[in-house]
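Dear colleague,

Please find below the structure that I am handing over to you. My notes on what was found in it follow directly after.

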Amino acid sequence: MLSRLAEYFELRKQRRIDRDAFRQLLELDEDLLSDIGITRDDVEWASRLPVSVNASRALQDAKRRALR
C-alpha cells in the first residue's frame, strides 16, 4: 500500500512539473503555437485542468475530436 501511495504522489509531482512546462507555452508567440498546431486558448484551457488530468493528453484528445 505504501508503494502505491508513493507512486500516486510521484505521479502528481510529475504532473505538476509537466503542467509548469505546459504553462511556458503561454510565453510563445502565436506563430510558434500555430506551428505546433495549437492556439493560446487551447493552452489556457489545458493549463486550467486539474493536476490529476494529463493536460497534454487532454489537449491532444480535444484536437483529435475537433478534426473529426
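**Overall architecture**

From the N terminus onward, the elements of the chain follow the order α-α-α-α. The secondary structure thus amounts to four helices and zero strands. The radius of gyration of the chain is 14 Å, well over the 11 Å given by the globule rule for 68 residues, so the chain is more spread out than a compact globule. Please note that this is a predicted model.

The C-alpha trace spans about 45 × 30 × 15 Å along its principal axes. Of the 68 residues in the chain, 21% are buried. The chain exposes about 5400 Å², of which carbon and sulfur atoms supply 53%. Among the contacts with a separation of 6 or more, 47% are between residues 24 or more positions apart.

**Helix 1**

Helix 1 covers residues 2–23. At 1.5 Å a residue, its 22 residues should span 32 Å, and the distance of 31 Å between its end C-alpha atoms agrees with this.

Which residues of helix 1 are buried? They are Arg15, Arg19 and Phe22. These three cover an arc of only 60 degrees around the axis, which means that they lie on the same side of helix 1. The spacing fits a general rule: an α-helix has 3.6 residues a turn, so residues three or four places apart point the same way.

The buried residues of helix 1 pack against helix 3 (40–47) and helix 4 (55–67). On the face of helix 1 turned away from its buried side are the exposed residues Leu2 and Phe9.

**Nonpolar core**

The largest nonpolar core consists of 10 residues: Phe22, Leu25, Leu33, Ile38, Val43, Ala46, Leu49, Ala55, Ala58 and Leu59. Helix 3 and helix 4 are the elements that give two or more residues to this core. The most comes from helix 4, with three residues.

Phe22 links the two parts of this account, as a buried residue of helix 1 and a member of the largest nonpolar core. Ala58, also listed in that core, touches Trp45, Leu49 and Val53, when residues up to four places away in sequence are not counted. Of these partners, Leu49 is itself a core residue.

With kind regards

Technical notes. Residues are numbered from 1 along each chain as its sequence is written. This is a predicted model: local features need pLDDT of at least 70, side-chain atom pairs count only at pLDDT 80 or more; totals for chains, interfaces and linings use all residues. Side-chain values use heavy atoms; hydrogens and water are left out. The expected span of a helix is 1.5 Å times one less than its number of residues. Buried means under 20% relative accessible area, exposed over 50%, partly exposed in between (1.4 Å probe, protein chains only). The arc is that of the directions from the helix axis to the C-beta atoms. Contact means heavy atoms within 4.5 Å. A nonpolar core is a set of buried Ala, Val, Leu, Ile, Met, Phe, Trp, Tyr and Cys residues joined through side-chain atoms within 4.5 Å. The radius of gyration is taken over C-alpha atoms; the globule rule is 2.2 Å times the number of residues to the power 0.38. Accessible areas come from the Shrake-Rupley method with a 1.4 Å probe; for residues, only the protein chains shown count as cover.
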